[in-house]
Amino acid sequence: MTSHVLSRVGQRWRGHLPAACARARCATVLPSAGPAPVRGAPEGASPRTPVPGASLASAIQYANAEPRSTWTRAEIAAIYKQPFTELLFQAAAVHRANFDPLEVQKCTLLSIKTGGCSEDCKYCSQSARYSTTVKATPTMQLDEVVEAAKRAKAAGSTRFCMGTAWRELGGKKSTFNRILSMVKEVRGMGLEVCCTLGMVTEEQARQLKEAGLSAYNHNLDTSREHYPNVITTRTYDDRLQTIKNVRKAGITVCCGGILGIGEGVDDRIGLLHELSTMEQHPESVPVNSLVAIDGTPLEGSTPVSIFEVARTIATARITMPRSVVRLSAGRLSFSEMDQAIMFMAGANSIFTGDKLLTTPNPEFNEDEQLFDKLGMTGRPAFAAGRHDSASL
Ligand code: SF4
């Protein structure tokens, strides 16, 4: 496309141009609003005649859009099912309009209470219902956690997440007090602090906020329809209630899902629909890929492909433009080039450290080398996107 058309496409999105380029001998038809044509799209997308300039115009449209909670499943499906390179191009444009694309947040996740969980999440090595190699251990002591946070900070992490394997915080008073002390200490080190402690009440969320908690992770995992095939011991609405409790306390929300747990494309779209129609989008959206663990009901599952993960990341980026999208569990199974594609698709956060709760993750220095190759840097703690003020 010639440069005069490129500039006129931009103007058209500001509403100044007719549908056809007026320049002599130029036959370009300028596009109307909506996603790019779906030539070559997989999974049942209907073919349409490609319109020159539509790809760029869709990218500009999405990049200029304010976040909204009115997405329909059909809109999200149309985005997700586009030709792969079109989807990536649009997501990359949205990423650049909302964030410095060379900055990637580094988070470290520590399991502060491992194994022995009463829940039946079919993907999880920590459920007491399955026979895995994970051994149940008690909640860690404060000084052990502080030491781990110091190591994470020294290695460049700016967010420190603490996870416990249990259904809910419930009435564990002394353990909760210890966790509150961990939150205070880690926050005092200048790190963003996140916890994932299962279901919490409004009052517990309030106390976590008071202790300095920046974010609370509670994933929806998958679509509402597929969820009962994966977890039966608590409902989708239970999860949404915890997210509401956290939001009410003024803590930012980290909420995403897992790919490769027997879901179909419609379930991925359903999950993204749940997240992107929340009144306020989750500030962090982790996209996990199943690490199939022997002994769990999902052992032997077919691994998800780079295309499935990148499509999900890119669609999350477009529908939740100001959220941090985190490339989470399963990263070890993807090559450096795969990961570069995921960053192009709009991922701007990773977990660093050799373990993610109980599953393997790339080592700190491997990530450093990858960042060097890609020219990327770590995002500072409490940094804001282009449109947000730092609020953590
Ligand atoms: S995912 Fe969490 S709640 Fe589910 S079994 Fe594992 S530790 Fe328990």
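Select residues 54–64, which form helix α2, together with residues 84–98, which form helix α4, and you will see two helices that pack at an angle of about 35°, with their axes 8 Å apart. Keep in mind throughout the tour that this is a predicted model. Looking along the pair, you can follow how α2 passes α4 in a right-handed crossing. To see what fills the contact, show Ser55, Ser58, Ala59, Ile60, Tyr62, Ala63 and Asn64 on the α2 side, and then Glu86, Phe89, Gln90, Ala93, Val94 and Ala97 on the α4 side. If you colour these residues by class, the contact of α2 with α4 shows eight nonpolar, four polar and one charged residues.

Stay with helix α2 and select alanine 63, which lies in that helix. Leaving aside its neighbours within four places in sequence, alanine 63 is in contact with Ala93, Val94 and Ala97. Is alanine 63 buried, exposed or partly exposed? It has 19 C-beta neighbours inside 10 Å, and because a residue needs 20 or more to be called buried, alanine 63 counts as partly exposed. Now add isoleucine 318 to the selection: it is 255 residues away from alanine 63 along the chain, yet the two C-alpha atoms are separated by 8.0 Å.

Next, select glutamine 61, which also has its place in helix α2. Glutamine 61 has 22 other C-beta atoms within 10 Å, and it is therefore buried. Draw a distance from its C-alpha atom to that of valine 94, which is 33 residues away along the chain, and the separation is 9.0 Å.

Move on to alanine 74, which you will find in helix α3, residues 73–80. With 10 other C-beta atoms within 10 Å, alanine 74 is exposed. Select histidine 273 as well, and you have a pair that is 199 residues apart in sequence but 9.5 Å apart in space, C-alpha to C-alpha.

Now turn to the helices later in the chain and select α11, residues 306–319, along with α12, where the packing angle is about 20° and the axes are 9 Å apart. Because of that angle, α11 is roughly parallel to α12. The way in which α11 passes α12 is a right-handed crossing. In the contact itself, Ile306, Val309, Ala310 and Ile313 of α11 meet Asp338, Ile341 and Met342 of α12. Sorted by class, the residues of this contact of α11 with α12 are six nonpolar, no polar and one charged.

Keep helix α12, residues 336–344, on the screen and add helix α13, residues 364–374, so that you can look at a second pair, whose axes come within 11 Å and cross at roughly 60°. How are α12 and α13 oriented to each other? They are oblique to each other, and α12 passes α13 in a right-handed crossing. The residues that make the contact are Glu336, Gln339, Ala340 and Phe343 of α12, and Leu370, Lys373 and Leu374 of α13. By class, the contact of α12 with α13 has four nonpolar, one polar and two charged residues.

The next stops are about the backbone. Select aspartate 221, in the loop between β4 (215–217) and α8 (227–230). Its phi is near 75°, a positive value in a residue other than glycine. Aspartate 221 counts as buried, with 22 C-beta neighbours inside 10 Å. Then select phenylalanine 382, in the segment after β12 (377–378), where phi is again positive, at about 60°, although this residue is not a glycine. Phenylalanine 382 is partly exposed, with 14 other C-beta atoms within 10 Å.

Now show the ligand and the residues around it, which are Cys117, Glu119, Cys121, Cys124, Gln126, Ser127, Ala165, Arg167 and Gly198. Coloured by class, this shell has four nonpolar, three polar and two charged residues.

Finally, zoom out to the whole protein chain, which has 13 helices and twelve strands. Of the 392 residues in the protein chain, 48% are buried. Among contacts between residues at least 6 apart in sequence, 75% join residues at least 24 apart.

How values were computed:
Residues are numbered from 1 along each chain as its sequence is written. This is a predicted model: local features need pLDDT of at least 70, side-chain atom pairs count only at pLDDT 80 or more; totals for chains, interfaces and linings use all residues. A residue is near a molecule or strand if its C-beta atom, placed from the backbone, lies within 6 Å of it. Ala, Val, Leu, Ile, Met, Phe, Trp, Tyr, Cys and Pro count as nonpolar, Asp, Glu, Lys and Arg as charged, and the others, Gly among them, as polar. Axes are lines fitted to C-alpha atoms, for helices over the stretch in contact, and angles run from 0 to 180 degrees between N-to-C directions. Helices (H or I, at least four residues) and strands (E, at least two) are DSSP runs, numbered from the N terminus. Angles under 35 degrees count as roughly parallel, over 145 as roughly antiparallel, 65 to 115 as roughly perpendicular and the rest as oblique. A crossing is left-handed if the near helix is turned anticlockwise from the far one by less than a right angle, and right-handed if clockwise. Two residues are in contact if their C-beta atoms, placed from the backbone, lie within 7 Å. A residue is buried if 20 or more other C-beta atoms lie within 10 Å of its own, exposed if 12 or fewer, and partly exposed in between; C-beta atoms are placed from the backbone.
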